[in-house]
Amino acid sequence: MKNDYEEKQRIFDLINIKEWEVKCAIVVSCVFVALFVYIGVYEKYLLYIDAIKNLTTNILNAFIGLLGFSLSGIAIIVSLFSKKEVELIEKDNGRGIINNILGSYVFLAKNIGIQCLVLIVIYFITYSERALLPFTCFYILLWLECYHVTFIIFYTISLVKNCVKLYKIKNIYEKISETEKTLYDEINEVKNDYIFSTLSNICHCTNEEVVKDLIRFIEEGEIKSKNEILKYIKNQYNIKE
């Protein structure tokens, strides 16, 4: 049920006048149709038929390549964020925001697939000897085709912009994670200093002696990454070799 609702919301993206890609697609489509009317594409259809065939095949080839972009976009986003980063982003920006962007790529892929089929049909129609549709019907269908093609182009640009934003967001949350990790390390260091100080008071010895006992314990034990741990402790408490 939820998927049906999300699908309907995606379809609404095609005519959502609030989105800049829809506004641009409407304007560009109107300009193209006005140009086609001005140069008399309908009246001089046979004159422009070769250009229409070439344009149809070129757009079809471009959209097949664009279909690969939409699939790679999904793969990039899936691999870009770790589970922890997704949780942080959704905590600040609302649940499902990453899935929403992934859904946008799926929506783009579906529209490209539909448009590829339409272009194939148009290509074969150009070889037909049947009479043209009435003037008004011809230009309405032409406007719809122009709109869908330009919408896909502007929607793709919008997704590219979103990818750049996602990369910036990833960097921001990586810095946040590093800051949290640094703070956690500092807390541990303060905790260790307090433990060493307490042991010094109880055992009536200096902090340096407690640290040296710790170093000896590490050296005698079987601890993974022993050398790195020893180096860190010696640097932290200024213990000379």
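**Exercise 1. The surroundings of Leu 108**

Task: Leaving aside neighbours within four places in sequence, find which residues are in contact with Leu 108.

Solution: Contact is taken here as heavy atoms within 4.5 Å. With its neighbours within four places in sequence set aside, Leu 108 is in contact with Phe 69, Ser 70, Ile 152, Tyr 155, Thr 156 and Leu 159. Before going on, note that this is a predicted model, in which local features need pLDDT of at least 70 and side-chain atom pairs count only at pLDDT 80 or more, while totals for chains, interfaces and linings use all residues. Residues are numbered from 1 along each chain as its sequence is written, and side-chain values use heavy atoms, with hydrogens and water left out.

**Exercise 2. The overall build**

Task: Work out how many helices and how many strands the protein has, and then how its residues and surface are divided.

Solution: Begin with the elements, where helices (H or I, at least four residues) and strands (E, at least two) are DSSP runs numbered from the N terminus. The protein has 8 helices and 0 strands, and its pattern along the sequence is therefore written α-α-α-α-α-α-α-α under that naming of elements. Next, take burial, in which buried means under 20% relative accessible area, exposed over 50%, and partly exposed in between, with a 1.4 Å probe and protein chains only; of the 241 residues in the protein, 30% are buried. The accessible surface (Shrake-Rupley method, 1.4 Å probe, with only the protein chains shown counting as cover for residues) comes to about 16,800 Å², and 64% of this belongs to carbon and sulfur atoms. Finally, among the contacts between residues at least 6 apart in sequence, 76% join residues at least 24 apart.

**Exercise 3. The nonpolar cores**

Task: Find how many residues the largest nonpolar core has, and which helices supply it.

Solution: A nonpolar core is a set of buried Ala, Val, Leu, Ile, Met, Phe, Trp, Tyr and Cys residues joined through side-chain atoms within 4.5 Å. The largest one has 23 residues, and those with the most contacts inside it are Phe 63, Ile 77, Leu 108, Ile 112, Phe 151, Ile 152 and Tyr 155. At least two residues of this core come from each of α2 (20-39), α3 (45-80), α5 (97-125) and α6 (135-203), and the largest share, 9 residues, is that of α5. Apart from this core lies another, of 7 residues, including Phe 36, Val 41, Tyr 42 and Tyr 139. As background, nonpolar side chains in soluble globular proteins tend to be buried together.

**Exercise 4. Buried or exposed?**

Task: Decide for Phe 63, Thr 156, Tyr 147, Ile 74 and Asn 99 whether each is buried, partly exposed or exposed.

Solution: Start in helix α3, the place of Phe 63, which counts as buried because its relative accessibility is 4%. Setting aside neighbours within four places in sequence, Phe 63 is in contact with Ile 112, Gln 115, Cys 116, Leu 119, Val 149 and Ile 152. Ile 74 also has its place in helix α3, but its relative accessible area is 22%, so Ile 74 is partly exposed. Its C-alpha atom is 5.9 Å from that of Leu 102, a residue 28 places apart in sequence.

Turn then to helix α6, where Thr 156 is found and is buried because its relative accessibility is 9%. Helix α6 also holds Tyr 147, which is buried with a relative accessible area of 9%. Not counting residues up to four places away in sequence, Tyr 147 touches Leu 14, Ile 15, Val 22, Ala 25, Ile 26 and Ser 29. Last comes Asn 99 in helix α5, whose relative accessible area is 53%, so Asn 99 is exposed.

**Exercise 5. The largest pocket**

Task: Describe the volume and the lining of the largest pocket.

Solution: On a 1 Å grid over the protein atoms alone, a pocket is an open set of points where a 1.4 Å probe fits, with protein on both sides within 12 Å along at least five of seven lines, and lining residues have an atom within 4 Å of a point. The largest pocket holds about 1,200 Å³ of space, and it is lined by 36 residues, of which Ile 52, Ile 122, Phe 138, Leu 142 and Glu 145 lie nearest its centre. Two or more lining residues come from each of α2, α3, α5 and α6, and α3 gives the most, with 12 residues. By type, the lining divides into 28 nonpolar, 4 polar and 4 charged residues, where Ala, Val, Leu, Ile, Met, Phe, Trp, Tyr, Cys and Pro count as nonpolar, Asp, Glu, Lys and Arg as charged, and the others, Gly among them, as polar.

Note on methods
Points joined across faces, edges and corners; volume = space filled by probe spheres on them.
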